[in-house]
Amino acid sequence: MDDVLVVSEHRRGELRDVSHEAVTAGRALADARGGDLHVAVIAGNVERFAEDVNRAGVDAIHTVEHGEEFDHNVYQAAIAALLDQTDAGTVVIPNSVNGLDYAPAVAEAQGLPLVTDAIGIEYDDGLTVTREMYGSKVETTVDVTGDRFVLTIRGGEWAPAEGVGDAPVESVGIDIPESGARVTGFEEVGNGDVDIADADVLVSVGRGIGEEENLELVEELADALGATLSSSRPIVDNGWLPKNRQVGQSGKVVTPDVYIAVGISGAVQHVAGMKGSDTIVAINTDPNAPIFDIADYGIVGDLFDVVPELIDQFA
Amino acid sequence: MKVLVTVKEVAEANDDFAIEGTDIAASDLEYDLNEWDDYAIEAAVQLAEAGIADEVVTVTIGPERTEETIRMALAKGADRAVRVWDEAFEAGFADVAAKVSTFEAVVEDEDPDLILGGVQAADTGFGATGVALAERIGFEHAAVVNALDVDADAGVAHVRRELEGGVEELTDVELPAVLTVQTGLNEPRYASLRGIRQAQRKEIAATDLSDLGLSADDVESALTITSMYEPESESDAELIEGDAGEAAGRLAEVLREKGVDA
C-alpha cells in the first residue's frame, strides 16, 4: 500500500496544469514511501490526456472512459476501483472546485484522513503537510496519523512534471452506480461589453473600498489614468460591479502592462488571476497583506488619502 | 421540507497578532459568523419565505461563546439552533471526519431534506465537511454552488457550480442533498431589530456528545497542528514612503515610466 495514486484533472477537452503539478507532488511522496506512482485519467479523451500526463516519474497510468466531463459519481467509483485493484493506498488530488467535489467523499468512503489545500509536504514515517490558516496570515504544519491518506494540493505550488515517461497505459472498466446528480450543461459567464483581459492598464478595487458609493473614487482614478476598472471577488459578490470585471480564479486571468490593486489584500484566488501582470502596484493599509508579496511597487497607506492625490497627479 | 444549515463561528486575526504555541493568541482573534455560511443561511431563509421550507434549523460545533453568532443566524430568520460542544473538542483540532461524525448524529435526530453550508470556513479553509458529510449519510451533493433553485415537488435542486475561469456547471441534484454554498449566491440580509428581538426567544439546544449517542473516540482527530508561524515575506516590492501626497507623486512618476497616460 506504499503506492500513490494521483488523479489528473481536465475540463472541456484540456488537461489542466495542476495535473502535472500533482504528478510532481505524488512522485515525491512515492519516493519517500518507497512506492510506485499511479495516475488516473477519468472521462473525456482519456488516450490524449494519458499521453500528456505520461511524464518522467510516472509508473502506471489507468484510464477510465465514461462521459466527457467531470462527474463526481464517476470519479468516486473509479478511484475506489483503482484503490482496490492496485497497490495504491494514498491519493493526491488537485485542490480545485472539482477536486473539492469528490476528494472529501473519497476520504470518507475509504475511512482515510483528509488534508486539503496543501502548499508543502514532507514524508518521514508519516505525512506532515504545510498549509495556510486565518486567510493566509499564517502557515501551519499538520501531522497526519496513519500511513494512508487523501491529500489535495494547491495549484501553482509544485513545479509541473516534465520529460517523456514510458508508463504503461491500462484501460480500466468499472461499474458506475446510479447517481442522483446529473450535469446538464455548462455556461460561460462574465462576458460583457468590457473585456478586462484586453486592457493595458487596470485599476482594480477590493474590499478596502468599504462602501458602494466609494467606487466613484476608483472610477475617477481609472478615468484619469486612461485605465480600465476591474475588481476582486467581494465587489462582484456585493453586486457593486458586474461579473465581467472580476479578476481571479473564478473570474478573468489578466496580464496587463500595469495592474494597480487598490484596497485588495491579495487572497490566493485573486493572485492566481493577476500575477502575470508586467508591473503590479499595491495600495493597502495592512503592511502584511499578501498583495505586497507579489507587488513591484507598494504604498502602505489609506487608499482614501492616496487615491485622490494620485488623481490630482494625472488631472 | 426541512433545511439544516451548518454554521461556524470563525476566528479572524487582527493585523498585528502574536502566535502562542500552535495558534494565534486569543486576544488577537475576533470571532464572527463565517462569511460563506451567511450565504447558506440566506438561501435557507429564502426557501422558507417562498413556502418551500417549513423549518430552518442551524447546527454549530462550538463553545458557549458561539451563541452570540448563532443568535445572529436566528435573527436573520432561522427557526431554531442546535449547538454541539464537548470537552473532547477542546483537546485539539477537529478534523473533517470528527465534524462529520457529529453532524451525522444531528442529521439522524433532525432528518432534514436539504443541508446547506458554506464552501469553506474562513479560518481553517478545509472546504471539505459538506461533501464528506453527504458521503457518510448517503445524500447527494454538489460543491461550490452559486445558484440554487429548489423544485420541492420534483425533489430536485437545480444548481450551478462555479468552476474556475468564468465557467459554470449546471447540475440537477436529487434531494435529499448537501450543497456547499459559494459567496455571491444571494445578498445576505442584515438582521432587523424585530428579528433580533425574536431571536432572543428562539431555542438554542445545547448538546454534548453523549446526548448524541457519541463518545470522545468518535471525534478523535487524525490531524495534529504541530507548528504555526508567519510566512516569510517574499516581497521585493519597492515600498514608496512619505505622506500621501509625496507617495502619490513618486507613484505617478513610476506609472508614467511604465507608459501610463503616455
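This report walks through a predicted model with two chains, A and B, from the domains of chain A to a shared sheet and a buried helix.

**Chain A and its domains**

A good place to start is chain A. Its domain assignment gives domain 1, covering 3-171, and domain 2, covering 196-314. Between the C-alpha centres of domain 1 of chain A and domain 2 of chain A there are 34 Å.

**Where the chains touch**

Next comes the contact between the chains. Chain A contributes 72 residues to the contact, and chain B contributes 70 residues. On the side of chain A that touches chain B, strand β13 of chain A (residues 181-188) gives the most, with eight residues. Sorted by class, that side of chain A holds 31 nonpolar, 22 polar and 19 charged residues.

**A sheet built from both chains**

Now let us look at a sheet with strands from chain A and chain B. The sheet is open and has four strands, in the order β8(A)-β9(A)-β10(A)-β14(B), with antiparallel pairing. At its edges stand β8 (120-123) of chain A and β14 (223-229) of chain B; each has a single partner strand, so one side of each is left without a neighbour in the sheet. On average, neighbouring strands of this sheet are turned by 25 degrees against each other, direction ignored.

Two of the pairings can be set side by side:

| Strand pair | Sense | Bridges | Residue facing its partner |
|---|---|---|---|
| β9(A) and β10(A) | antiparallel | six bridges | A:T130 opposite A:T141 |
| β10(A) and β14(B) | antiparallel | six bridges | A:V142 with bridge partner B:I225 |

Within chain A, β9 takes in residues 127-133 and β10 takes in residues 138-144. The pairing of β10(A) with β14(B) joins a strand of chain A to a strand of chain B.

**Helix α1 of chain B**

Finally, turn to helix α1 of chain B, which has 15 residues, from 35 to 49. From its first C-alpha to its last, α1(B) reaches 22 Å, close to the 21 Å expected at 1.5 Å a residue.

Is this helix largely enclosed or largely open to its surroundings? Of the 15 residues of α1(B), 11 are buried, so the helix is largely enclosed by the rest of the structure. Among these buried residues are B:W36, B:Y39, B:I41, B:V45 and B:L47. The buried residues also include B:D37, B:D38 and B:E42. After the helix comes B:G51, which has a positive phi, near 80 degrees.

Note on methods. Residues are numbered from 1 along each chain as its sequence is written. Chains are lettered from A and ligands numbered from 1 in the order in which they are written. This is a predicted model: local features need pLDDT of at least 70, side-chain atom pairs count only at pLDDT 80 or more; totals for chains, interfaces and linings use all residues. Helices (H or I, at least four residues) and strands (E, at least two) are DSSP runs, numbered from the N terminus. The expected span of a helix is 1.5 Å times one less than its number of residues. A residue is buried if 20 or more other C-beta atoms lie within 10 Å of its own, exposed if 12 or fewer, and partly exposed in between; C-beta atoms are placed from the backbone. Domain bounds come from an automatic or database domain assignment. Two strands pair if DSSP finds at least two bridges between them. Axes are lines fitted to C-alpha atoms, for helices over the stretch in contact, and angles run from 0 to 180 degrees between N-to-C directions. Two residues are in contact if their C-beta atoms, placed from the backbone, lie within 7 Å. Ala, Val, Leu, Ile, Met, Phe, Trp, Tyr, Cys and Pro count as nonpolar, Asp, Glu, Lys and Arg as charged, and the others, Gly among them, as polar.
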